[in-house]
Amino acid sequence: MSILIKDVSKSFGNFTALDKVSVEVPDGELLALLGPSGSGKTTLLRIIAGLEVADSGNVLHNEEDITHQSARDRKVGFVFQHYALFRHMTVAENIGYGLKVRKTPKAQIRERVGELLKLIRLEGLESRYPGQLSGGQRQRVALARALAAQPRVLLLDEPFGALDAKVRQELRQWLRRLHEEIQVTSIFVTHDQEEALEVSDRVVIMNHSRIIQSGTPADVYNRPATPFVYDFLGDSNRLHGTVSGGKTEIAGGIIELPKRDWRDGDTVIAYARPHQMMVHRSKVSPVCLTATVQIIFPVGPLVRVELTTENGASLVVKITQQRHTALDLQVGETVFVTPGEMAFFRDESISAELARSDVGNLVLQAEK
């Protein structure tokens with residue numbers, strides 16, 4: 001195990017930033033710390049770096065307790081959101097700064113800088129100053145500077161947060177390829193769900209100073225452990241129903257619940273992804289929800305259709321352009337919606353276990 005965080009807590013005055021957080025990061029893994037602002041992810045990253053000191057708990061690297069080691073002794077590389085490059089230094093000088101401070105021989109610094117310029121694909125720009133580079137280029141220089149001293153662990157705090165969407169997309173793909181090449185244990189903080197799911201080997205989702213769920217990107221997206229995770233990861237519809245005889249009625253659709261200890265009268269919170277739902281002109285299955293079309297957004301590869309169910313709940317469905325053309329939907333008309341695969345929770349205030357339905361199979365049968 002490269003990094004092991006054991007029961008780490010940290011408070012700032014009356015605010016609890018971390019509450020007994022434990023994380024394991026295997027050697028060579030690219031881990032994403034994902035969560036909303038104030039969830040504690042940056043504080044955790046800074047404690048791993050040695051930039052903050054935990055109130056309690058331990059930080060271990062390869063079984064060595066580094067909880068009270070200085071940031072310099074930990075041999076970690078840190079990349080900040082806003083680059084933190086020295087404006088008066090050239091690209092080469094910025095990259096080699098840490099090596100110069102360590103009194104590395106000049107020949108070795110030149111060799112290492114040359115290697116890193118090739119790695120970040122900025123050969124020929126070593127004499128430029130940060131102000132002469134694009135945002136994406138500056139962030140790559142910041143990453144090269146963090147890698148210069150060959151750190152044991154690379155930490156990145158929202159590294160692409162200050163960049164526009166197109167550049168962020170390009171750098172995400174570049175970082176993934178870079179990590180596969182250098183294989184250094186890496187932890188990055190982000191509040192961008194797409195970024196975390198696309199880049200990382202594993203995602204740790206945080207909220208209110210604690211870890212809510214961790215797993216591979218596919219695990220956390222397809223099997224959310226709590227209503228918060230379902231809401232936070234991608235678009236979702238939240239609907240309510242009441243349990244009766246192992247089934248629930250939602251907007252006119254009768255849906256059989258997965259086997260659990262449901263009690264008649266329980267309030268069920270059901271989640272469904274907009275892209276897994278389908279609109280029909282007739283009720284093709286008992287699970288169909290009845291809804292009225294409110295707004296149609298036909299721009300992009302998927303058409304976004306906003307509806308209101310017969311009991312007043314809002315609903316969003318995303319269908320293909322071809323399906324939209326075939327249906328010729330009109331605002332104000334009543335339609336029927338098969339919900340696709342759904343997740344059910346007894347109550348969102350309880351850390352309920354996720355239960356899954358077979359509604360997705362019913363949809364496939366209905367489509368046939």
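Okay, one definition before we start: Ala, Val, Leu, Ile, Met, Phe, Trp, Tyr, Cys and Pro count as nonpolar here, Asp, Glu, Lys and Arg as charged, and the others, Gly among them, as polar. Keep that in your head for the cavity. And please remember that what you see is a predicted model.

So, the cavity. The structure holds 1 cavity of 30 Å³ or more, and the volume of the largest cavity comes out at about 30 Å³. Which residues line it? They are Q139, R140, L143, L156, P159, F160, L171 and W174. Sorted by our definition, that lining has 6 nonpolar residues, 1 polar and 1 charged. Two elements, α4 and α5, give two or more residues to it, and α4 gives the most, with 3.

That brings me to α4, so let's stay with it. This helix covers residues 135-147, 13 residues in total. From first C-alpha to last, α4 reaches 19 Å, close to the 18 Å you'd expect at 1.5 Å a residue. Is α4 mostly covered or mostly open? Mostly covered: 12 of its 13 residues are buried. Among the buried ones are Q139, R140 and L143, and those names also turned up in the cavity lining. If you want to see what sits over the buried residues of α4, look for β6 (76-79), α2 (91-101), α3 (106-119), β7 (153-157) and α5 (165-182), which are included in the cover.

Now the nonpolar core. The largest one has 43 residues, and I95, V141, L143, L147 and L154 have the most contacts inside it. Again it's α4 that gives the most to this core, with 6 residues. Pick V141 on your screen: leaving aside neighbours within four places in sequence, V141 is in contact with L85, V91, N94, I95, I120, L122 and L133. Apart from this core lies another, of 29 residues, including I250, A270, L289 and I319. As background, in soluble globular proteins nonpolar side chains tend to be buried together.

Next up, the neighbour, α5. Why do we say its length agrees with expectation? Because its 18 residues should span 26 Å at 1.5 Å a residue, and its end C-alpha atoms are 26 Å apart. The buried residues of α5 are L171, R172, W174, L175, R176, L178 and H179. Their cover includes β3 (30-34), α3, α4, β8 (185-190) and α6 (193-199). Right after α5 comes Q183, with a positive phi near 55 degrees.

Last topic, the pockets. The largest pocket has a volume of about 680 Å³. It is lined by 22 residues, and the closest to its centre are V76, G77, F78, G98 and R102. β6, α2 and α4 are the elements that give two or more residues to that lining. By kind, the lining of the largest pocket splits into 15 nonpolar, 3 polar and 4 charged residues.

The second largest pocket holds about 320 Å³ of space. Of its 13 lining residues, A92, E93, G96, K100 and I109 are the closest to the centre. Here α2 and α3 are the elements giving two or more residues. And the mix in the second largest pocket is 5 nonpolar, 3 polar and 5 charged.

If you take one thing away, make it α4: it gives the most to the largest core and the most to the lining of the largest cavity. That's me done, thanks.

Technical notes:
Residues are numbered from 1 along each chain as its sequence is written. This is a predicted model: local features need pLDDT of at least 70, side-chain atom pairs count only at pLDDT 80 or more; totals for chains, interfaces and linings use all residues. Side-chain values use heavy atoms; hydrogens and water are left out. Helices (H or I, at least four residues) and strands (E, at least two) are DSSP runs, numbered from the N terminus. The expected span of a helix is 1.5 Å times one less than its number of residues. Buried means under 20% relative accessible area, exposed over 50%, partly exposed in between (1.4 Å probe, protein chains only). Contact means heavy atoms within 4.5 Å. A nonpolar core is a set of buried Ala, Val, Leu, Ile, Met, Phe, Trp, Tyr and Cys residues joined through side-chain atoms within 4.5 Å. On a 1 Å grid over the protein atoms alone, a cavity is a set of points where a 1.4 Å probe fits but cannot get out, and a pocket is an open set with protein on both sides within 12 Å along at least five of seven lines; lining residues have an atom within 4 Å of a point. Grid points are joined across faces, edges and corners, and a volume is the space filled by probe spheres set on the points.
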